[in-house]
Amino acid sequence: QLQLVESGGGLVQPGGSLRLSCAARGASLDAYDIGWIRQAPGKEQEGVACIGSKGNREDYILSVEGRFTISRDNAKNTVYLQMNSLEPEDTGIYYCAADPDGCKTTTFGSWGQGTQVTVSS
């Protein structure tokens with residue numbers, strides 16, 4: 001059974017950077033689209049970025065385009081989210097999620113436990 005484990009969150013000042021990792025256990029990630037979804041305080045969940053199973057598709061929401069980069073290393077069974085020029089509005093719990101067609105359907109069947117990102121001075 002596929003299990004996802006996020007890491008790399010923390011407290012960072014505005015303008016700083018973080019790299020989140022999503023490691024898969026129990027199954028190979030190369031059959032899955034992977035999404036990063038965030039939950040900000042008092043707001044609905046928001047899909048931030050998505051990468052196709054072969055890495056040939058990347059989608060971003062407008063507010064993070066040019067600042068965030070999603071990538072994957074299928075040999076390491078890991079997906080990354082590089083976040084630069086962080087803003088307080090990026091604060092939230094970041095979840096990675098997997099589904100065979102997740103980037104197209106925006107629904108994901110497997111979720112990690114989340115990692116907290118706090119952007120504050």
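Helices and strands here are DSSP runs, a helix having at least four residues and a strand at least two, and they are numbered from the N terminus. The model is predicted.

**Exercise 1. The open sheet**

Determine in which order the strands of the 4-stranded open sheet are arranged, and which of them are edge strands.

*Solution.*

Step 1. The order across the sheet is E1-E3-E8-E7, with antiparallel pairing.

Step 2. An edge strand pairs on one side only, and this holds for strand E1 (3-7) and strand E7 (68-73).

Step 3. From one strand to the next, the twist averages 15 degrees.

**Exercise 2. The register of the strands**

For each neighbouring pair in the order E1-E3-E8-E7, give the bridges and name residues that stand opposite each other.

*Solution.*

Step 1. Begin with E1 and strand E3 (residues 18-25), which are antiparallel and share 5 bridges. Gln-3 faces Arg-25 of E3, and Glu-6 has Cys-22 of E3 as its bridge partner.

Step 2. Continue with E3 and strand E8 (residues 78-83), an antiparallel pair with 6 bridges. Here Leu-18 is opposite Met-83 of E8, while Ser-21 has Tyr-80 of E8 as its bridge partner.

Step 3. Finish with E7 and E8, which run antiparallel and are joined by 6 bridges. Ser-71 stands opposite Tyr-80. Tyr-80 of E8 is thus the partner of Ser-21 and also stands opposite Ser-71.

Step 4. Consider the covering of E8: 5 of its 6 residues are buried.

**Exercise 3. Two residues with positive phi**

Locate Asn-77 and Thr-106, and decide for each whether the residue is buried or exposed.

*Solution.*

Step 1. Recall the general expectation: most residues other than glycine have a negative phi.

Step 2. Asn-77 has a phi near 55 degrees, a positive value in a residue that is not glycine. Asn-77 sits in the loop between E7 and E8. These two strands form a hairpin with 4 residues between them, and Asn-77 belongs to the turn.

Step 3. The relative accessible area of Asn-77 is 15%, and buried means under 20%, so Asn-77 is buried.

Step 4. Thr-106 also has a positive phi, near 60 degrees, and lies in the loop between H1 and E10.

Step 5. The relative accessible area of Thr-106 is 61%, and exposed means over 50%, so Thr-106 is exposed.

**Exercise 4. The aromatic pair**

Classify the geometry of the 1 aromatic pair found in a search of the whole structure, and state which parts of the chain the pair ties together.

*Solution.*

Step 1. Two quantities are needed, the distance of the centres and the angle of the planes.

Step 2. The ring centres of Tyr-95 and Trp-111 are 6.0 Å apart, and the planes stand at 70 degrees. Planes over 60 degrees apart count as edge-to-face, so the pair is edge-to-face.

Step 3. Tyr-95 belongs to strand E9 (residues 92-99) and Trp-111 to strand E10 (residues 110-111), so the pair ties together parts 16 residues apart in sequence.

Step 4. Tyr-95 is buried at 17% relative accessible area, whereas Trp-111 is partly exposed at 37% relative accessibility.

**Exercise 5. The largest pocket**

Describe the largest pocket by its volume, its lining residues and the class of those residues.

*Solution.*

Step 1. The volume is about 250 Å³.

Step 2. The lining has 18 residues, of which Gly-47, Val-48, Cys-50, Thr-106 and Phe-108 are the closest to the centre of the pocket.

Step 3. Two or more lining residues come from each of strand E4 (33-39), strand E5 (46-51), strand E6 (58-60) and helix H1 (102-105). E5 gives the largest share, 5 residues.

Step 4. By class, 10 lining residues are nonpolar, 5 are polar and 3 are charged.

**Exercise 6. Separation in sequence and in space**

State how many Å separate the C-alpha atoms of Ala-27 and Gln-1, and those of Ser-121 and Pro-100.

*Solution.*

Step 1. Ala-27 lies in the loop between E3 and E4 and is partly exposed at 25% relative accessibility. Ala-27 and Gln-1 are 26 residues apart in sequence, with their C-alpha atoms 6.3 Å apart.

Step 2. Ser-121 lies in the segment after strand E11 (115-119) and is exposed, with a relative accessible area of 82%. The C-alpha atoms of Ser-121 and Pro-100 are separated by 39 Å, at 21 residues along the chain.

Definitions and conventions. Residues are numbered from 1 along each chain as its sequence is written. This is a predicted model: local features need pLDDT of at least 70, side-chain atom pairs count only at pLDDT 80 or more; totals for chains, interfaces and linings use all residues. Side-chain values use heavy atoms; hydrogens and water are left out. On a 1 Å grid over the protein atoms alone, a cavity is a set of points where a 1.4 Å probe fits but cannot get out, and a pocket is an open set with protein on both sides within 12 Å along at least five of seven lines; lining residues have an atom within 4 Å of a point. Grid points are joined across faces, edges and corners, and a volume is the space filled by probe spheres set on the points. Ala, Val, Leu, Ile, Met, Phe, Trp, Tyr, Cys and Pro count as nonpolar, Asp, Glu, Lys and Arg as charged, and the others, Gly among them, as polar. Rings of Phe, Tyr and Trp (its six-membered ring) pair if their centres lie within 6.5 Å; planes under 30 degrees apart count as stacked, over 60 as edge-to-face and the rest as tilted. Buried means under 20% relative accessible area, exposed over 50%, partly exposed in between (1.4 Å probe, protein chains only). Two strands pair if DSSP finds at least two bridges between them. Axes are lines fitted to C-alpha atoms, for helices over the stretch in contact, and angles run from 0 to 180 degrees between N-to-C directions.
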